[in-house]
Amino acid sequence: MGERRDGNIVILTGAGISKESGLDTFRDADGIWAKVRLEDVATPEAFIRDPARVHDFYNGRRQRLASGEVEPNAAHLALVRLEAEWPGEVLVVTQNVDNLHERAGSRNLIHMHGEHLKARCDACGVIFAWEADLSVGLVCDSCGTSGGLRPHVVWFGEMPLEMERIYAALDACALFVSIGTSGNVHPAAGFIEQVRLGDGAQTVELNLEPSEGASRFHTAEYGPATKIVPAFVERLLSEGL
Ligand code: BV8
C-alpha cells in the first residue's frame with residue numbers, strides 16, 4: 001500500500017466474517033449446504049412447493065440469531081472502527097442476513113440478500129421487523145392476507161437488493177475489500193470484475209482460504225477474520241492505501 005489516506009472504500013462480506021461468532025457458513029464442510037439442499041429451502045419454487053419446510057429452515061436460523069448467544073466479533077468491530085476513522089466513505093455490502101454488522105455499530109451498510117430479522121408480505125410488499133417464527137397460517141397486519149408472509153431474504157433466482165447503489169459505489173471506490181466469502185454466488189462474486197473495469201482501485205481479499213475469485217485480487221491475506229481484519233484495518237489507518 002502507498003500513502004493515500006482518502007478515497008471511498010467498499011467492503012463485501014460473506015458468511016466467513018460471522019463464523020467466529022458461532023454462525024455456520026454455507027460451503028464449509030460443516031456448512032449449511034452440507035445439511036440441506038438450497039433448492040429445497042432457498043428458492044421461490046421451494047416456498048411454493050413446501051412453505052412450511054422453508055419456514056422451518058429460516059425459523060431455526062432466526063431463533064439462533066435472536067437467542068442472544070451470537071455476538072459480533074473483532075472483525076465486525078474493526079470495520080466499525082474503519083468507518084469511524086477513515087476520511088472517505090466506507091460502505092459495507094453484506095451477503096449475510098444476520099444482524100452482526102449493525103449490532104457491532106456499522107451504519108453505512110447494505111444487506112444485499114435481505115435480513116433474517118425482517119419478514120415481508122408477498123401480497124402487499126410491506127416489510128416488518130420480525131424475531132418470532134413465521135408460519136403459513138399468519139395473517140398480514142397490513143393487508144389482512146393470510147399465508148403471504150415470508151422471510152425478507154433474497155432467494156436464488158431473485159434479484160438482490162440495492163444493486164444500483166452497490167454498483168455506483170463499486171465504480172467510485174479507491175479500495176474494494178472482500179471478506180469471508182467463497183466467491184460462488186453471483187452477482188456478489190462478480191463485484192471484483194466490476195471494480196477492475198474502473199480506473200485503478202486497489203483490491204484485497206481477506207479470507208480463511210483462497211476464494212473462487214482469488215486470482216483477480218491485487219493482494220490477499222489468509223487467516224481467521226478476527227485476526228486478519230483488525231490487523232488490516234490498523235495498517236490501513238496508519239499507512240493509508
Ligand atoms: C440472481 C439467502 C438474477 C439468504 C443467498 C452467474 C453465474 C452462475 C450462477 C448465477 C449467475 N447469476 C445468477 C446465478 C444464480 C445464483 C447463483 O449465483 N448460484 C450459485 C450457487 C452458482 N444467483 C442468484 O440466484 C442470485 N439472484 O442472480 O437473480 C435475476 C436477474 C434479474 C431479475 C431477477 C433475478 C441471488 C443470490 C442470493 C441467494 N441468497 N442467501 C440466506 O438463506 O442466507 S446466497 C447465500 O450465499 C448467502 O447469502 C451467503 O452469504 C451467500 C454467499 O456465500 P458466502 O457468504 O460466500 O459463504 P460460503 O460458505 O460460500 O463461504 C464462506 C467463506 O468464508 C469461505 O471462503 C471460507 O473459507 C471463509 N471462512 C470460513 N471461516 C472463516 C472464513 N473466512 C474468514 N474467517 C473465518 N473464520
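Reader: Why does Arg-81 count as partly exposed?

Author: In this predicted model, the relative accessibility of Arg-81 is 31%. Buried requires under 20% and exposed requires over 50%, so Arg-81, at 31%, counts as partly exposed.

Reader: What makes the meeting of Arg-81 and Glu-234 a salt bridge?

Author: A side-chain nitrogen of Lys or Arg has to lie within 4 Å of a carboxyl oxygen of Asp or Glu. For Arg-81 and Glu-234 the N to O distance is 2.8 Å, and the pair therefore meets the rule. The two partners belong to distant parts of the chain: Arg-81 is in helix 4 (residues 74–85) and Glu-234 in helix 8 (residues 225–239), 153 residues apart. Glu-234 has a relative accessible area of 40%, which makes this residue partly exposed.

Reader: Which residues are joined into one network by salt bridges that share partners?

Author: The network consists of Arg-37, Glu-39, Asp-40, Arg-49 and Arg-53. Within it, the side chains of Arg-49 and Asp-40 meet at 3.7 Å, N to O. That value is within 4 Å, so the pair qualifies as a salt bridge.

Reader: Are Arg-49 and Asp-40 buried or exposed?

Author: Arg-49 has 54% relative accessibility, over the 50% limit, and is therefore exposed. Asp-40 has a relative accessible area of 17%, under the 20% limit, and is therefore buried.

Reader: How do you know that Glu-69 forms a salt bridge with Arg-64?

Author: The closest N and O atoms of Glu-69 and Arg-64 are 2.9 Å apart, and this lies within 4 Å, so the rule is satisfied. Glu-69 is exposed at 59%, while Arg-64 is partly exposed at 31%. By this rule the count comes to 15 salt bridges.

Reader: What makes strand 3 and strand 9 edges of the sheet?

Author: The open sheet has six strands in the order 3-2-1-7-8-9, with parallel pairing. Strand 3 (109–111) and strand 9 (219–222) each have a single partner strand, so one side of each is left without a neighbour in the sheet. Neighbouring strands are turned by 15 degrees against each other on average, direction ignored.

Reader: How do you know that strand 1 and strand 2 pair?

Author: A pair needs at least two bridges. Strand 1 (residues 8–13) and strand 2 have five, in the parallel sense, and therefore count as paired. One of the residues concerned is Val-10, whose bridge partner in strand 2 is Leu-91.

Reader: Which strands does helix 4 lie across, and which does helix 8 lie across?

Author: Helix 4 lies across strand 1, strand 2 and strand 7 (173–179), at about 165 degrees to strand 1. Helix 8 lies across strand 1, strand 7, strand 8 (202–207) and strand 9, at about 150 degrees to strand 8.

Reader: Which residues touch the most other members of the largest nonpolar core?

Author: They are Ile-9, Ile-11, Leu-82, Val-177 and Val-229, in a core of 25 residues. Strand 1, helix 4, strand 2, strand 7, strand 8 and helix 8 each supply at least two residues of this core. Helix 8 gives the most, with seven residues. Another core, of 18 residues, lies apart from it and includes Ile-166, Leu-170, Ala-188 and Ile-192. Neighbours within four places in sequence aside, the contacts of Ile-9 include Leu-82, Trp-86, Leu-91, Val-177 and Leu-236.

Reader: Why is Val-54 called buried?

Author: The relative accessible area of Val-54 is 0%, under the limit of 20%, and the residue is therefore buried. Val-54 lies in helix 3. Not counting residues up to four places away in sequence, Val-54 touches Asp-40, Val-41, Ala-46, Phe-47 and Trp-155.

Reader: What is notable about phi of Glu-162, and where does this residue lie?

Author: Phi of Glu-162 is near 55 degrees, a positive value in a residue other than glycine. Glu-162 is placed in the loop between strand 6 (149–153) and helix 6 (163–171). At 42% relative accessibility, Glu-162 falls between 20% and 50% and so counts as partly exposed.

Reader: What is omega for the peptide bond from His-186 to Pro-187?

Author: Omega is near 0 degrees, and the bond is cis. Pro-187 belongs to the loop between strand 7 and helix 7 (191–197).

Technical notes. Residues are numbered from 1 along each chain as its sequence is written. This is a predicted model: local features need pLDDT of at least 70, side-chain atom pairs count only at pLDDT 80 or more; totals for chains, interfaces and linings use all residues. Side-chain values use heavy atoms; hydrogens and water are left out. Buried means under 20% relative accessible area, exposed over 50%, partly exposed in between (1.4 Å probe, protein chains only). Helices (H or I, at least four residues) and strands (E, at least two) are DSSP runs, numbered from the N terminus. Axes are lines fitted to C-alpha atoms, for helices over the stretch in contact, and angles run from 0 to 180 degrees between N-to-C directions. Contact means heavy atoms within 4.5 Å. A nonpolar core is a set of buried Ala, Val, Leu, Ile, Met, Phe, Trp, Tyr and Cys residues joined through side-chain atoms within 4.5 Å.
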